[in-house]
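Got the viewer open? Let's take a walk through this model, one selection at a time.

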Amino acid sequence: MEDYTQIRTFLTSVRAVRQVTPLVRRITFAGGDLGAFRCIAPDQFVYLLLPPPGRTALTVDQGFTWAQYRQMPEPERPVGAYYTVREHRAGAGELDIDVVLHEPSGHASGWAGRAQPGDPVALWGPRTAYAPPADTEWHLLVGDETALPAIAAILRALPLGMRATAVIEVANAQEEQPLPTPAEADVRWLHRNDAEAGHINLVVEALEDLALPSGVGYAWGGGEVKMMNLARRLLRQRGLDRASTSLVGYWRHPQHADLPDERDI
Ligand SMILES: Cc1cc2nc3c(=O)[nH]c(=O)nc-3n(C[C@H](O)[C@H](O)[C@H](O)COP(=O)(O)OP(=O)(O)OC[C@H]3O[C@@H](n4cnc5c(N)ncnc54)[C@H](O)[C@@H]3O)c2cc1C
């Protein structure tokens, strides 16, 4: 069971905003409490806490807890979502997140579309789901655009020569990003083209045909809930047990509202 009491809330603000691809906006935070931020794992993620709708000031401080959130009157409650730390530059006290600008948007992606330098935010975290056993001989990384920040950071952090396969579903070729790594990586991009995210499952189709290497393997994944549930079941059938997989439902297509989130963590 994760110990949430160790997780803190960092008050900071937007330093810069950059469109990385047509669908992905990179928000750089700096200043405030960020100098105290410490990395815990390559897939580390934070909950982005924003002012309530229609407000410009935060209604939370460093003492934020989810118990406190539940007691706040509805109009005072922050809105937000989980985002992965795309890069943390400790020396500069800067932290980037990459936000997918999906439609329909929600509070968090809508905010990212409008974000300006100086906008205040709070970051609750960091947390992690990436826990490869020490004897891991190969990695399998799967997901959609929402997992791309974690896949990029995991690939960058892998040991020299580690065998890795990444299977990544994106809207089209314009959504591909460079993924530098010291690993022996085979990166497979899958394009939805005109199909709707979360409604098509190119990742699972690709996994069905994928030959897994011999040796001790570890699979990490993030993406739409049904994609992750199906991928997890497939990998179980292929011999990867609970300790060898960490697949997390990152978001939910409205038609999958009733699906259970079959977590590894
Ligand atoms: C551990 C973790 C790490 C994550 N890291 C990232 C990250 O680095 N970058 C990132 O962009 N997302 C990431 N996500 C996913 C992000 O938290 C969700 O996409 C979240 O729903 C966005 O909140 P929102 O307020 O914009 O939309 P919501 O209010 O949650 O949803 C509004 C509508 O948008 C739809 N929707 C939500 N997300 C998507 C999507 N990606 N594509 C298409 N439709 C969508 C919903 O089905 C709903 O209809 C992560 C999630 C988790 C759990």
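One term before we click on anything: a strand here is a DSSP run of E with at least two residues, and strands are numbered from the N terminus. With that in hand, select residues 120-127, which form strand S7, and look for proline 126 inside that strand. The peptide bond leading from glycine 125 into proline 126 is cis, with omega near -5°. Keep in mind throughout that this is a predicted model.

**Another cis bond**

Now jump to proline 104, in the loop between S6 and H2. Check the bond that joins glutamate 103 to proline 104: this peptide is cis as well, and omega is about 0°.

**The ligand shell**

Next, select the ligand and the residues around it. Which residues come nearest? Of the 26 in the shell, they are Ala81, Val100, His102, Gly106 and Ser109. Colour by secondary structure and you can see which elements supply two or more shell residues: strand S4 (79-84), strand S6 (94-100), helix H2 (107-114) and strand S12 (245-251). Switch to colouring by residue class, and the shell splits into 15 nonpolar, nine polar and two charged residues.

**Zoom out to the domains**

Give 4-127 one colour and 138-256 another: these are domain 1 and domain 2 of the protein chain. Each of the two domains contributes at least three residues to the shell around the ligand. Their centres, taken over C-alpha atoms, are 24 Å apart. Where the domains meet, 12 residues of domain 1 are in contact with 15 residues of domain 2. On the domain 1 side of that contact, you'll find six nonpolar, three polar and three charged residues.

**A helix pair**

Now show only helix H4 (residues 202-209) and helix H5 (residues 225-237). Parallel or perpendicular, roughly speaking? Their axes come within 9 Å and cross at roughly 10°. Angles under 35 degrees count as roughly parallel, so that is what H4 is with respect to H5. Turn on side chains to see who meets whom: Val203, Val204, Leu207 and Glu208 from H4 face Met227, Leu230, Ala231 and Leu234 from H5 in this contact. By class, the H4 contact with H5 has seven nonpolar residues, one charged residue and no polar ones.

While you're in this part of the chain, step back to asparagine 193, in the loop between strand S10 (184-191) and H4. Its phi is near 55°, a positive value in a residue other than glycine.

**The whole chain**

Finally, show everything as a cartoon. You should be able to count five helices and 12 strands in the protein chain. The C-alpha trace spans about 50 × 40 × 35 Å along its principal axes. How does the radius of gyration agree with that of a compact globule? For 265 residues such a globule would have a value near 18 Å, and the protein chain has 18 Å, so the two agree.

How values were computed: Residues numbered from 1 in each chain as written. Predicted model: local features only at pLDDT ≥ 70, side-chain atom pairs only at ≥ 80, totals over all residues. Near = placed C-beta within 6 Å. Helix = DSSP H or I, 4+ residues; strand = E, 2+ residues; numbered from the N terminus. Nonpolar A, V, L, I, M, F, W, Y, C, P; charged D, E, K, R; others polar. Domains from an automatic or database assignment. Contact = placed C-beta atoms within 7 Å. Axes fitted to C-alpha atoms, helices over the stretch in contact; angles between N-to-C directions. Parallel < 35°, antiparallel > 145°, perpendicular 65-115°, else oblique. Rg over C-alpha atoms; globule rule 2.2 N^0.38 Å.
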